[in-house]
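Me: I have a protein model open in my viewer and would like a close look at one of its helices. Could you walk me through that part and how it sits in the rest of the fold?

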Amino acid sequence: MTRSEIIFGIVRIPLDFLVSVGAFLLAYQLRVHSIDLLPNVQILSKEIVLPPLGTFIEFFVLPWSAVYIVILGIFGLYALRVTTSPWKELASLLLGTLLWLASIITWFALIEKQLLFSRILIIHATSFACIAAGVTRVMLILLQRSLLRRGIGTRSIISCGNLPLPMNVLQAISDDARYTYAGHLPPTSSELLKLDCLPDLVLHTDPNPESDETQDLIKDRKSTRLNSSHVSESRMPSSA
């Protein structure tokens, strides 16, 4: 896991929370002034009793914004991983927002046992939150991919063994912007220890993973600075 993955994973949490709070406040102001989003149409009643703004923020906005973060977390939207497909992110975001809306309605109907003070306010707020969160996520994904294309935040991979990395695997790594192939080393721990920067992944290409050379390499790695949670390893037999 690279440092940029951690940063981009964590920064989504405060952004989504601020988006949720902002969406509620915007919807509150629209309802206070009985503003319809349909041009030249006025269907909202001007006679509406809303809670004071301070009470609304303290007892509704902040708690339900926190619930929004929890729900999105359940959908895996804060996982610390390399950037995924924007469509998958947006689909999970939409499902999470719908569950959030259902949770609000269910809470008032079954727990509070009272009607919502303004259903249109809640619909506006959840819609605004979903749209704004979607836009910020797409921007973050595009920014992360731009950095990956510049070599920032990529995962460094080296291969090590008696045989070179298979061409099909090497081509797949080269075509993926998330990874940087740093080269191949002979199966000696001394060569690995000379690296200036630790790789994120060591691929063993020895056709016999149980050979003495490979086992000695793994044993030496575990007793040196390569024994780090930052460094992963995988055994990959070479193919003809």
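**A close look at helix 2**

Reply: Happy to. Of the 240 residues in this protein, 38% are buried. Please keep in mind that the model is predicted.

First, the setting. The protein has 7 helices and 4 strands, and their order along the sequence is α-α-α-α-β-α-β-α-β-α-β. Among contacts with a separation of 6 or more, 78% are between residues 24 or more positions apart. The protein exposes about 13600 Å², and 65% of that comes from carbon and sulfur atoms.

Now to the helix itself. Helix 2 runs over residues 53-74, which makes 22 residues. With a rise of 1.5 Å a residue, the expected span is 32 Å, and the end C-alpha atoms lie 30 Å apart, so the two values agree. The helix does carry a kink of about 30°, placed at Val61. The proline Pro63 follows shortly after that kink. Beyond the end of helix 2 comes Gly76, with a positive phi near 75°.

Which residues of helix 2 are buried? They are Phe56, Phe60, Val61, Trp64, Ser65, Tyr68, Ile69, Ile71 and Leu72. Val61 therefore appears twice in this account, as a buried residue and as the site of the kink, under the 20% cut-off that defines buried. An α-helix has 3.6 residues a turn, so residues three or four places apart point the same way. You can follow that spacing in your viewer by stepping through the buried residues, including Phe56, Phe60, Trp64 and Tyr68. The cover over the buried residues of helix 2 includes helix 1 (3-32), helix 3 (86-111) and helix 4 (119-149).

Ser65 makes a good example of the buried side. Ser65 belongs to helix 2, and its relative accessible area is 0%, so it counts as buried. Leaving out residues up to four places away in sequence, Ser65 touches Phe17, Ser20, Val21 and Phe24.

For the opposite case, turn to Ile74, which is also part of helix 2. Its relative accessible area is 66%, and because exposed means over 50%, Ile74 counts as exposed. Ile74 also takes part in a nonpolar surface patch of about 660 Å², together with Val70, Phe75, Leu94, Leu95, Leu98 and Leu99. Helix 2 and helix 3 each give at least two residues to the patch, and helix 3 contributes the most, with 4 residues.

The helices that cover helix 2 are worth a look as well. The structure holds 3 salt bridges. One of them pairs the side chains of Arg12 and Glu89, at 3.7 Å from N to O. Here Arg12 sits in helix 1 and Glu89 in helix 3, so this pair links parts of the chain 77 residues apart. Both Arg12 and Glu89 are buried.

Another salt bridge joins Asp16 and Arg137, with the closest N and O atoms 2.6 Å apart. Asp16 is in helix 1 and Arg137 in helix 4, so the pair ties together parts 121 residues apart in sequence. Asp16 and Arg137 are both buried.

Arg137 also forms a salt bridge with Glu89, where the closest N and O atoms are 3.0 Å apart. This pair links helix 4, which holds Arg137, with helix 3, which holds Glu89, across 48 residues. Arg137 has a relative accessibility of 1%, and so counts as buried. Glu89 is buried too, with a relative accessible area of 5%. Through shared partners, the salt bridges join Arg12, Asp16, Glu89 and Arg137 into one network.

To put the pieces together: helix 2 has a kink at Val61, and the cover of its buried residues includes helices 1, 3 and 4. Ile74, by contrast, is exposed and belongs to the nonpolar patch, to which helix 3 gives the most residues.

Definitions and conventions: Residues are numbered from 1 along each chain as its sequence is written. This is a predicted model: local features need pLDDT of at least 70, side-chain atom pairs count only at pLDDT 80 or more; totals for chains, interfaces and linings use all residues. Side-chain values use heavy atoms; hydrogens and water are left out. The expected span of a helix is 1.5 Å times one less than its number of residues. The bend at a residue is the angle between axes fitted to the seven residues ending there and the seven starting there. Buried means under 20% relative accessible area, exposed over 50%, partly exposed in between (1.4 Å probe, protein chains only). Contact means heavy atoms within 4.5 Å. Patches are made of residues with over 30% relative accessible area and no salt bridge: like charges are joined within 9 Å, nonpolar side chains (Val, Leu, Ile, Met, Phe, Trp, Tyr) within 5 Å. Accessible areas come from the Shrake-Rupley method with a 1.4 Å probe; for residues, only the protein chains shown count as cover. A salt bridge is a side-chain nitrogen of Lys or Arg within 4 Å of a carboxyl oxygen of Asp or Glu.
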